[in-house]
Amino acid sequence: MLTHQAIWAGIDALAKRHGLSASALARTAGLDATAFNPSKRISRDGRERWPSTESLAKILDVTGESLSQFLHDTGSFEQTGRAPSSRTVPLLGLAQAGGGGYFDSSGFPAGQGWDEVALPVAGDKTVYALEVQGDSMEPLYREGDRIIVSPTEQVRRGDRVVVRTRGGEVMAKILHRQTARQIELHSVNPRYEPRILDVQDVDWMARIIWASQ
């Protein structure tokens, strides 16, 4: 069972990973700026106040993090009294990722030429980072942002994904629809039309589990 302290520590850690204060995280999620202030965590009569499930859902959505990641971090705090230790993961530019030799057939990092970056979120040993290029996902992802990608996470409609075509094109998109024959991808930037790809033309597709802001 997670404690009151661990839940609030998880919110503070999430804000810090995205370069935000607790107040800035609340504002970014469309909440009152004081929603996560320390003064709001304990009532005047000393009773513990908990964040609402709605507020948690909003901050996870706006940061692109999953509930499982948040619970992993709070669980780690519960056990150790501190946030999980960081590690490094492979890093590659999104455009560079279109070249040959950087991935195996399942979308896992392979070969030479990868850099390294500290991993700011909980994740398994298969995750890696890509640096965003282009503006098709603005304002969600901007040029230079780093996205953490997991080739093992199950991909569902509405997920933010990275797709690599057999022609070597690599793109960050939103999975709008997938059938046995086609994959429909949408951009956040309205200037870009949806992309419809034949499944046979897709090398691999992996879920984005976190992005820098």
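## Exercises on a predicted model

Not counting residues up to four places away in sequence, Ser136 touches Ala172, Lys173, Ser187, Val188, Asn189 and Tyr192; contact means heavy atoms within 4.5 Å. This is a predicted model, where local features need pLDDT of at least 70, side-chain atom pairs count only at pLDDT 80 or more, and totals for chains, interfaces and linings use all residues. Residues are numbered from 1 along each chain as its sequence is written, and side-chain values use heavy atoms, with hydrogens and water left out.

**Exercise 1.** Place Ser136 and decide: buried or exposed?

*Solution.*
- Start with the loop between strand S3 (128-131) and strand S4 (146-150); Ser136 is found there. Strands (E, at least two residues) and helices (H or I, at least four) are DSSP runs, numbered from the N terminus.
- Next, accessibility. Ser136 has a relative accessible area of 15%, so it is buried. Buried means under 20% relative accessible area, exposed over 50%, partly exposed in between (1.4 Å probe, protein chains only).
- Last, the side chain. Ser136 makes a polar contact of 3.5 Å with the side chain of Lys173. Such a contact is a pair of N or O atoms within 3.5 Å; within protein, one must be able to donate a hydrogen and the other to accept it, and residues adjacent in sequence count only if both atoms are side-chain atoms.

**Exercise 2.** Describe where Glu169 lies and which residues it contacts.

*Solution.*
- Glu169 sits in the loop between strand S5 (160-165) and strand S6 (170-178).
- Its relative accessibility is 36%, so Glu169 counts as partly exposed.
- Leave aside neighbours within four places in sequence. Glu169 is then in contact with Val163, Arg164 and Arg195.
- The side chains of Glu169 and Arg195 are joined by a polar contact of 3.1 Å.
- Glu169 and Leu94 are 75 residues apart in sequence; C-alpha to C-alpha, they are 9.3 Å apart in space.

**Exercise 3.** Which residues of helix H3 are buried, and which exposed residues does the opposite face carry?

*Solution.*
- H3 spans residues 53-63; Ser55, Leu56, Ile59, Leu60 and Thr63 are buried.
- These residues cover an arc of only 130° around the axis, so they lie on the same side of H3. The arc is that of the directions from the helix axis to the C-beta atoms.
- An α-helix has 3.6 residues a turn, so residues three or four places apart point the same way.
- Turned away from the buried side, the other face of H3 carries the exposed residues Thr53, Glu54 and Asp61.
- Just after H3, Gly64 takes a positive phi of about 80°.
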